[in-house]
Amino acid sequence: MELSTATLLGAWVSIFLTICILSFLYEDNPVYKLAEHLFLGVSIAVSVVEAYYGTFKPNMLDPVGRAATAVASGSDPGWDAVSVIPLLLCGVLFLKLVPKLSWVARIPIAFLVAMFAGLKLTGEANANLMTQVAESMPNLGQLWIDHGLWDWSADGAGVISGLVLVLGLCACLLHFYFSAPHNRPLRVVSRFGVLMLMFGFGASFGYTVMGRISLAIGRAQELLGLDRSLEQNAVVHPRIATLASIVLLVGVLAVWKLRGGKPESDEATES
Amino acid sequence: MFDFLVRFQAMDRRWIFLGMAIAIVLPLLFPFKMPFRVDERVQALFDEVDRLPAGSRVLVSADFDPGSRPEIEPFYRANLHHLFRKDVKIVVLTLWESAPPLVQPILEEIAGIYGKTYGEDYVFLGYKAGREVAIKSIGADIPKTFPTDSRGTPVERIPVMRGIQKAADFALIVNVSSGNPGTKEYVMQIQGQYNLKLASSTTAVSGPDYIPFYKAGQLFGLAAGMPGSAQYEKLTFPDGKVPGGGKLMATASMDVLNLGHLYIMALILFGNLAYFITRRRD
Amino acid sequence: MKRTLPLIITFFVGIVMVGEFFIPHYGYRMLTDEFLQWGLVLAAAAYLLGIVNLIQVNIPKITQRKPDWFYKLIMLLSLAITLAIGFIGGQDRQVEGAAYRWVYSSVFTPLSATMFSLLAFYIASAAFRAFRARNLDAGLLLGAAMLVMLARVPIGENLPYIGEGLGHLMNWIMDVPNTAARRSIFIGGALGAIATGLRVILGLERSHLGD
């Protein structure tokens, strides 16, 4: 299999940069910081390029261009003419950079914030309030017919679970109710709510561990060449690239240490 | 013994890191391929996609970036294989600015394996800024939100987009979601309003958050984290062979999750044990 | 004028967007669709504004040789180079062999993915140092976490005698206590978001206007 020099170089650069970031696990060091700032620069640039070609150009510049061409040729620009408004709003937004006129930028900001506020309001009310409340009320009759009190083969579905769900939800909500002092009965209910919340947070922790390990697996697969075909590996030699990167980095860090280099914060090394 | 336990608790964190690295690398080098089950939520997702008649149109919102790639890229790949195999027409878009250079090549690679034609069988509409605003706009008017595809071709000239006006015109929407904007925002902004058939493949961190959506019928299927992707791979490629010679990356990673989880559990157990013994002595 | 006009715009746009959910009338939808388009463009413009701001903040640090100036220089150089190859590549920036695609897959992808992967190591350290069953609540949290961690991977599923039961128990935790806990958080969050949204629309919350 033949790979272009750029592809081969890319594979080695990718492995080297991975090792640079992983070096933070030993301690904060200049190579890590260099890679970190490289990442910041590239990621911001990627965002801007994609925002320009994905949104700015097709949704504003192209229709404005068409409208301008139409006007110049004496024909009707039609609906494209409306695109001048977002162009103006964007121009006004950039006045934020001019101290004397920065207040004018409040207009597009107000527009955007109000739009998000309006969308959030109805979205939250519909999906997270109404639907969740409605779906939490168990149909006990149907649960009894389908599963009885407790159906182990259906993950504990049944009347008991239906009741635990709705009572647990109420208890959690009461736990977050601060408009009245938590007297004894309320404390008991609130306690039940806390226990339910602990179950939920515990499950979240379990899933979070899984997610974090998964991300490290992805990097390990690249360093070991397990994400490529055997033919590609025969050309790229990812394990040699990994080893070479580690050796190079250890050398650089050794020189840095010998010259009296210290991590800027103790956070990375404190035990 | 007491001193040892005190020192054990204060051990340099780099030893813990080293242990984690070993727990990840060892099973990758020496896999033991343990079987795993498919959960009801992934099965529901697969079945619904599998029931689609040829020629249906599906919207895939690929909202992830390299940061969550190992968890949900395998799902994205398997789902595209599944859809192309069933001769379903696919429209892919993304709401993540760093996603297009990642998701577009994968779409083209898999389309190439099945001999699909760009524009006729699939299209990549590209990225749209605006998060919830973009989702709301997709629900209302897709040609207005995406006047062109990622190559700059006007949507009215793309055959696969003919007759598509809004999100509800798709048979299904599959959201490959790595956070915000993603599944939660789709559910909030348009799923309920237009009664859309929405499924989600998401990161493990978001998994527990989306289960209430699945239980409430707002999602018809849910594949959470690497196990969710591995299960979808298992259903899509029952013989373990990927057309085009690809690898089942999530399935191959399940062994590592085994050891990784055991390692973390051991850390918690030993950490607690040492804590309780030394606390009693204090 | 400086305050009133933005407040009027906030009220008008907010009310119109709330109405979008309830009013399916064609004419009204034309208005809201147009508003959404402007919103998309403004959101994209915010990226451009951000970049100008970033340059404004970092250039003086470099010219005055402030601490970390060299790293800031690297950041701005990588930003400039990536922007240049992105815009030179234009609509074809993502084709096979394009410089932008190379930077994305060989520089951005490993850096981004590895940054996130560091969390696996830190969560291991946190699990060892901080995850203590100090009381019943913490014990329950720990128990649920351990059960989910074991049951979610093949080794737990394949444990003799208890593997299947573990799976059922984990699913019950996810479907019942977890759902109850999440829904309470959703409902609380929704009430908060509605209240905040109303405050913004009615002009009671003005922090976005710099007040």
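A salt bridge here is a side-chain nitrogen of Lys or Arg within 4 Å of a carboxyl oxygen of Asp or Glu. Keep that in mind as we walk through this predicted model.

**Stop 1: chains C and B.** Select both chains and show the residues where they meet. You should find 55 residues of chain C in contact with 70 residues of chain B. Together the two chains bury about 5700 Å², and carbon and sulfur atoms give 63% of that area.

**Stop 2: charges and polar pairs.** Six salt bridges cross the interface of chain C and chain B. To see one, pick C:Glu20 and B:Lys136, whose side chains meet at 3.2 Å, N to O. The interface of these chains also has 24 residue pairs in polar contact, both residues at pLDDT 80 or more.

**Stop 3: the chain C side.** Now colour chain C by helix. Among the helices that each supply at least two residues to the side touching chain B are α1 (4-22), α2 (26-63) and α8 (177-201). Next, highlight α4(C), which gives the most to this side, with 17 residues. By class, the side of chain C that touches chain B has 29 nonpolar, twelve polar and 14 charged residues.

**Stop 4: the second largest pocket.** Turn to the second largest pocket, with about 950 Å³ of space. Of its 30 lining residues, select A:Ile19, A:Leu22, A:Leu25, A:Ile246 and B:Ala21, the closest to its centre. Then show α9(A), which gives the most to the lining, ten residues. Other helices supplying at least two residues each include α2 (13-29) of chain B and α4 (99-130) of chain C. Coloured by class, the lining shows 22 nonpolar, three polar and five charged residues.

Key
Residues are numbered from 1 along each chain as its sequence is written. Chains are lettered from A and ligands numbered from 1 in the order in which they are written. Side-chain values use heavy atoms; hydrogens and water are left out. On a 1 Å grid over the protein atoms alone, a cavity is a set of points where a 1.4 Å probe fits but cannot get out, and a pocket is an open set with protein on both sides within 12 Å along at least five of seven lines; lining residues have an atom within 4 Å of a point. Grid points are joined across faces, edges and corners, and a volume is the space filled by probe spheres set on the points. Helices (H or I, at least four residues) and strands (E, at least two) are DSSP runs, numbered from the N terminus. Ala, Val, Leu, Ile, Met, Phe, Trp, Tyr, Cys and Pro count as nonpolar, Asp, Glu, Lys and Arg as charged, and the others, Gly among them, as polar. Contact means heavy atoms within 4.5 Å. Buried area is the accessible area (1.4 Å probe) that two parts lose on being put together, summed over both. A polar contact is a pair of N or O atoms within 3.5 Å; within protein, one must be able to donate a hydrogen and the other to accept it, and residues adjacent in sequence count only if both atoms are side-chain atoms.
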